[in-house]
Amino acid sequence: MDVVSDAANKLAEKLKHANLTERIPMLSNITSAVKQHAVLQEVDDDVIIAVLFCGILALAVFSVLLIFCWLIGKTRKRLDLVLMIGPEDVGKTRLFLSLTGNSNFELTCTSLCENVAPLKIGKQDLTLVDIPGNGRIIWPIFDKFKSSCAKLVFVVDSCSVFKDQRAQTGEYLFFVLTDPIISKLKPKVFIVCTKQDVQMAKSPALVKQVLESELTTLKKTSQATLGDTNDSPKDSSGRNKRSAVLVEGKHGNVDLFLLPYKVQFLESKMVKESDGSQKISLNAGQLK
């Protein structure tokens, strides 16, 4: 556009030198129009260059943000596991088979390794992991899967929790609820009370009272033996501060409904079908 401007200026000088602009006024108007057009073209080019520069800059920023979000999503652990845990002989494997659509659960035995199967809950495609209740293998397997925990199913025998399994059930629940990773993820916790069809079974409300009593005792013991204070040193598992998540209610006992993540009690029992077969009443839709 500089060439056009220079040509317009030279043309005006020559016409003026030849006194043609005075003789022919129209020529003066033509030269003025040429100059104005040249200036406008220069302005338009500057605007176009500025717009193009802004567009390229915006595209570059968007690309960087897109790559950053992709990297964040790639490094973030996907929470897609439903962990089922509890003491031995409470009906976990039978419940696992029922929830995953396997009706062949007449005869089950104590599991020595985890059972894993797909589980659809509503529109969510998750994976159900049945963790064995044996004290020697439960925690290594739990540690293996807990960082991807979306939901937690803690299984309790509605009869034995008041007698033989009271202490063990409370201890297992204590270590699960106060685990640092679980406390951070805050998954929804379902406490499933099995064998509700047995005559000696206690209601979920009574099971809750027993569990809270055991958790209260374990919390006090933990504070006394590990110095559960903010400035106390941690052990290798970080368990000196773990019990802080167990909030106490009005009467001084731990209240499971005051935990920083939602806790829900569910009943599970065997029911007869019209064809005489049996099935477990609890279904995957209740674990939403």
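This is a short tour of a predicted model, with stops at an aspartate, a group of aromatic rings and a lysine beside a ring.

Start by selecting D157. This residue belongs to strand β4, which covers residues 149-157. Is D157 buried or exposed? Its relative accessibility is 2%, so D157 counts as buried, the cut-off being under 20%. Now show the side chain of D157 together with C159. A polar atom of that side chain lies 2.8 Å from the backbone nitrogen of C159. Next, add D89, V90, Q165, T194 and K195; D157 is in contact with these residues when neighbours within four places in sequence are left aside.

Move on to the aromatic rings. The whole structure has five aromatic pairs. Select W139 and F142 for one of them: the ring centres are 5.7 Å apart and the planes meet at 85°, so this pair is edge-to-face. Both residues sit in helix α5 (residues 138-145), three residues apart, which is about one turn of the helix. F142 has a relative accessible area of 1% and is therefore buried.

Keep W139 selected and add Y172. These two also form an edge-to-face pair, with 5.5 Å from centre to centre and 80° between the planes. Here the pair links distant parts of the chain, because W139 is in helix α5 while Y172 is in helix α6 (residues 166-177), 33 residues apart. Y172 is buried, at 4% relative accessibility. To see the cluster, add F174 and F175: ring pairs link them with W139, F142 and Y172.

Finish with K208 and F257. K208 lies over the face of the F257 ring, 4.5 Å from the ring centre.

Terms used. Residues numbered from 1 in each chain as written. Predicted model: local features only at pLDDT ≥ 70, side-chain atom pairs only at ≥ 80, totals over all residues. Heavy atoms only, no water. Helix = DSSP H or I, 4+ residues; strand = E, 2+ residues; numbered from the N terminus. Buried < 20%, exposed > 50% of the residue type's maximum accessible area, 1.4 Å probe, protein only. Polar contact = N/O pair within 3.5 Å; in protein donor to acceptor, adjacent residues only side chain to side chain. Contact = heavy atoms within 4.5 Å. Phe/Tyr/Trp six-rings, centres within 6.5 Å; stacked < 30°, edge-to-face > 60°. Lys NZ or Arg CZ within 6 Å of the ring centre and 35° of its normal.
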